[in-house]
Amino acid sequence: MTGDGPGRRGRLALLAVAALVLAGCAGPAAATPRRLLNITVAAVPSEGAAGLYVALEEGMFARAGLHVSIQTSVAATSVIPAMLHGRVDVDYGAYTAYIGADAAGAADLRVIAPGFSLGPHVQEVIVADRSHITSITGLKGKTIAVNVLGGISADLLYNTLASYGITPAQVHIVAVPFPLMPAALDAGQVDAIETNEPFVTETVQQDKVEELADVDTGPSMGFPVSGYGVLASWARRHPQAAAAFTRVVERGNAIAATNLAVLQRAMGTVLHLSPDVSDVMATGIFPTSVNPVQLQRVANLMLHYGQLSKPFNVRPIIGF
């Protein structure tokens, strides 16, 4: 009998079955995306994106079958048009941008992964050391820089001011990107800046400034600031890629929250921070899931300060 008889065919059949069983037991690898391997992520360079940076530096995306490229952005509001035109797949930015765009019908968005929530001293109001302003009450009638108008920074600033009886109408806020804030403050173009880490530490170390207030107090304590958003249409077209990205970022956040050495190394490498900054900067909260109760705090704050014209339920925009 030749090698083409039933014995060989039987062995081939057994090998085929074994291959299928092994494929079925592959675990996470079986869920990795097969088509969309390249993902472009736009991110505001800050501590809040630590989960993304950790995952990138530790090779976690590559192991999940994803090649992630990071583009620097100023704010999520400027990225959404790029997402609509297919130039960006995922955005890391303020939750206010996703809620505002979805509520206005400008884009159908989904929050697929958590980013960052406030912790002590990760976002502060700062003045020049030569300033006559010595407390928050002294900001009445003054000009204050925030990263973007109509965003979460402005809302959190208003919350801080409200604790001292100052209304939004009693201050003038202007948009200045985080990296340019110290120069604007030094030149006297603004009276105060509201900035976050690592810029808080860099500013304090390099410039003659005074920390006026910690934003992580009162109604803003532990406030959810940012996360990862995608177009709903993108998530529908690439569910495996979206799921893989979400799992990796959540694991990156878990590492950032529990392994300070890895967090510091990733922040230093990706953001080009010196150890003098990365080793001493304040760290916030890195959630490992999107909490609808916490995210609703953002929509409620936006309604309170007029960024939304009616109540917004966040649950439909969570997940994919």
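1. Let us start with a word you will meet often: a residue is buried when its relative accessible area is under 20%, exposed when this is over 50%, and partly exposed in between (1.4 Å probe, protein chains only). Strand β6 shows the word at work: Thr-143 and Ala-145 on one side and Ile-144 and Val-146 on the other are all buried, which leaves both of its faces covered. In a regular strand the side chains alternate between the two faces of the sheet.

2. A note on what you are looking at: this is a predicted model, in which local features need pLDDT of at least 70 and side-chain atom pairs count only at pLDDT 80 or more, while totals for chains, interfaces and linings use all residues. Residues are numbered from 1 along each chain as its sequence is written, and side-chain values use heavy atoms, with hydrogens and water left out.

3. Now the overall picture. The protein chain has 13 helices and ten strands; these are DSSP runs numbered from the N terminus, helices being H or I with at least four residues and strands E with at least two. Of its 320 residues, 50% count as buried. About 14700 Å² of the chain is exposed, and carbon and sulfur atoms supply 56% of that (Shrake-Rupley method, 1.4 Å probe; for residues, only the protein chains shown count as cover).

4. Contacts say something about how the chain folds back on itself. A contact means heavy atoms within 4.5 Å. Among contacts between residues at least 6 apart in sequence, 80% join residues at least 24 apart.

5. Back to β6 and its sheet. Five strands make an open sheet with mixed pairing, in the order β7-β6-β8-β5-β9; two strands pair if DSSP finds at least two bridges between them. β7 (172-175) and β9 (209-214) stand at the edges with a single partner strand each, so one side of each has no neighbour in the sheet. From one strand to the next the twist averages 30° (axes are lines fitted to C-alpha atoms, for helices over the stretch in contact, and angles run from 0 to 180 degrees between N-to-C directions).

6. Which strands does β6 pair with in the parallel sense? One is β7, over four bridges, where Ile-144 has Ile-173 as its bridge partner and Val-146 stands opposite Ala-175. The chain crosses from β6 through α6 to β7 in a right-handed β-α-β crossover; right-handed means that, with the strands pointing away from the viewer, the path from the first strand over the helix to the second runs clockwise. The other partner is β8, over two bridges, and there Ile-144 stands opposite Ala-192.

7. A second open sheet of five strands, also with mixed pairing, runs β2-β1-β3-β10-β4. Its edge strands, β2 and β4 (109-117), each pair on one side only. Here the twist averages 25° from one strand to the next. Helix α2 packs on this sheet, touching β1, β2 and β10, with its direction at about 135° to that of β2. β4 and β10 pair in the antiparallel sense over seven bridges, with Ser-117 and Pro-224 as bridge partners. Helix α10 lies across β1, β3 (90-94), β4 and β10, at about 10° to β4.

8. Why is helix α2 (residues 50-57) largely enclosed by the rest of the structure? Six of its eight residues are buried, so the surroundings largely enclose it. The buried ones are Ala-50, Gly-51, Leu-52, Tyr-53, Val-54 and Ala-55. Their cover includes β1 (38-43), α3 (60-63), β2 (67-72), β10 (224-231), α10 (239-258) and α11 (260-270). Just after α2, Gly-59 takes a positive phi of about 75°.

9. One residue of α11 is worth a look: Val-262 lies in that helix and is buried, with a relative accessible area of 10%. Leaving aside neighbours within four places in sequence, Val-262 is in contact with Val-54, Glu-58 and Ile-255. The C-alpha atoms of Val-262 and Glu-57 are separated by 9.1 Å, although these residues are 205 apart along the chain.

10. Last, the nonpolar cores: sets of buried Ala, Val, Leu, Ile, Met, Phe, Trp, Tyr and Cys residues joined through side-chain atoms within 4.5 Å. The largest has 92 residues, and Ile-99, Tyr-228 and Phe-245 have the most contacts inside it. Helix α10 gives the most to this core, with seven residues. Another core, of 14 residues, lies apart from it and includes Val-44, Ile-126, Ala-184 and Val-209.
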